[in-house]
Amino acid sequence: MKLADKVALITGGAKGIGKETARRFLQEGAKVVICDRDKDAGMTVLKELGEKDRVEFFEVDVTNTFQIEDVIQSSINTHNRIDILINNAGITIDGFLTKMNETDWEKVIAVNLSGVFKFTKAVIPIMMEKGSGVIINASSVVGLYGNIGQTNYAATKAGVIGLTKSWAKEFGPKGIRVNAIAPGFIETDMTSSVPKKILDIMKEKTPLKKLGKPEDIASAYLFLASEDANYINGAILSVDGGLVV
Ligand code: NAD
């Protein structure tokens, strides 16, 4: 049990990578609080995961400070602490720059970048008071290398790298580790709208010759959250089958 009795908040935990991470964390003994704006998916995931006494779902939009404060207060009331925050919620609204309007830019910034800022700002005082904690943010291969048609998404995922490294320096001395993962192309709803032709090209470019699965990223989150990663702080862990090599 790598996370026995740890309390973990997972944003975007109702689907895809977040859902698989919730499952994995539960298997490792954690108490999991799933925060997602999709209530139907949240209810479904609760049924799927079972473990009624150790998993909760809260309808939370990471752009909404009041909802964030509510779920944190409730977690404190129930568990009296928060050990792990996984800032995993993310969206894409793709398009070439010439066709991307300001709303598409701002919506993606609001969720992928400001959501990480808001959630962490709300959780950090609790971790600081305890003198320990782990924060893991979802970046992307696209944040490292850019991508055609993803100006907004790439900017947020590169931004996540900047804030991860800043927080690693700011909160390391307080006993809090902050890291990020940079997944390659993973089979979830997010990539289901990417044309097959593009996914085939990505597969071909990947030395392991396959796309990733949500389980692959859940394993990376678990590793960084666990004591196995006790001396890892400020790292951006690529989990991409070697795509960026
Ligand atoms: P997904 O679309 O399958 O799931 C995302 C989850 O986030 C959904 O449950 C959704 O309801 C939730 N969400 C979206 N906006 C939200 C908001 N405002 N507030 C709360 N919840 C919200 O996506 P995924 O593939 O599982 O991606 C998870 C993370 O990994 C994202 O940050 C994504 O950018 C990143 N990532 C994914 C890939 C990939 O190929 N799938 C690659 C690199 C990085």
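Lys 19 is found in helix H1. In this predicted model, Lys 19 has 25 C-beta neighbours inside 10 Å and therefore counts as buried, the cut-off being 20 or more. Lys 19 lies 30 residues from Leu 49 in sequence, and the C-alpha atoms of the two residues are 9.1 Å apart in space.

**The strands around helix H1**

Helix H1 also belongs to a crossover: the chain passes from strand S1 through H1 to strand S2, and this β-α-β crossover is right-handed. A second β-α-β crossover leads from S2 through helix H2 (residues 39–49) to strand S3, and it is right-handed. Strand S2 takes part in two parallel pairings, set out below.

| Strand pair | Residues of the partner of S2 | Sense | Bridges | A pair of opposed residues |
|---|---|---|---|---|
| S1 and S2 | 7–11 | parallel | five | Val 7 and Lys 31 |
| S2 and S3 | 55–59 | parallel | five | Val 33 and Glu 56 |

How many of the six residues of strand S2 are buried? Six of the six residues in S2, which spans residues 31–36, are buried, so the strand is largely enclosed by the rest of the structure. Lys 31, Val 33 and Cys 35 point one way from S2, while Val 32, Ile 34 and Asp 36 point the other way. Residues on both sides are buried, including the charged Lys 31 and Asp 36.

**The shell around the ligand**

The ligand is surrounded by 30 residues, of which the closest are Gly 12, Lys 15, Gly 16, Gly 90 and Thr 188. Helix H1 (16–27), helix H4 (102–130) and helix H7 (189–192) are the elements that give two or more residues to this shell. By residue class, the shell comprises 13 nonpolar, 11 polar and six charged residues. Helix H1 thus appears in two settings: it contributes to the ligand shell, and it links S1 to S2.

**Annotation and confidence**

An unreviewed UniProt entry carries the annotation "domain: Ketoreductase" for residues 6–184. Over residues 6–184, the chain is 52% helix and 19% strand, with the end C-alpha atoms 28 Å apart.

The confidence values of the prediction are as follows. The protein chain has an average pLDDT of 97, and 100% of its residues score at least 70. For the model, ipTM is 0.99 and pTM is 0.99.

Conventions
Residues are numbered from 1 along each chain as its sequence is written. This is a predicted model: local features need pLDDT of at least 70, side-chain atom pairs count only at pLDDT 80 or more; totals for chains, interfaces and linings use all residues. UniProt positions are given in the numbering used here, feature names are shortened, and annotations may be inferred rather than shown by experiment. Helices (H or I, at least four residues) and strands (E, at least two) are DSSP runs, numbered from the N terminus. A residue is near a molecule or strand if its C-beta atom, placed from the backbone, lies within 6 Å of it. pLDDT is the predictor's confidence in each residue, from 0 to 100. A residue is buried if 20 or more other C-beta atoms lie within 10 Å of its own, exposed if 12 or fewer, and partly exposed in between; C-beta atoms are placed from the backbone. Two strands pair if DSSP finds at least two bridges between them. A crossover is right-handed if, with the strands pointing away from the viewer, the path from the first strand over the helix to the second runs clockwise.
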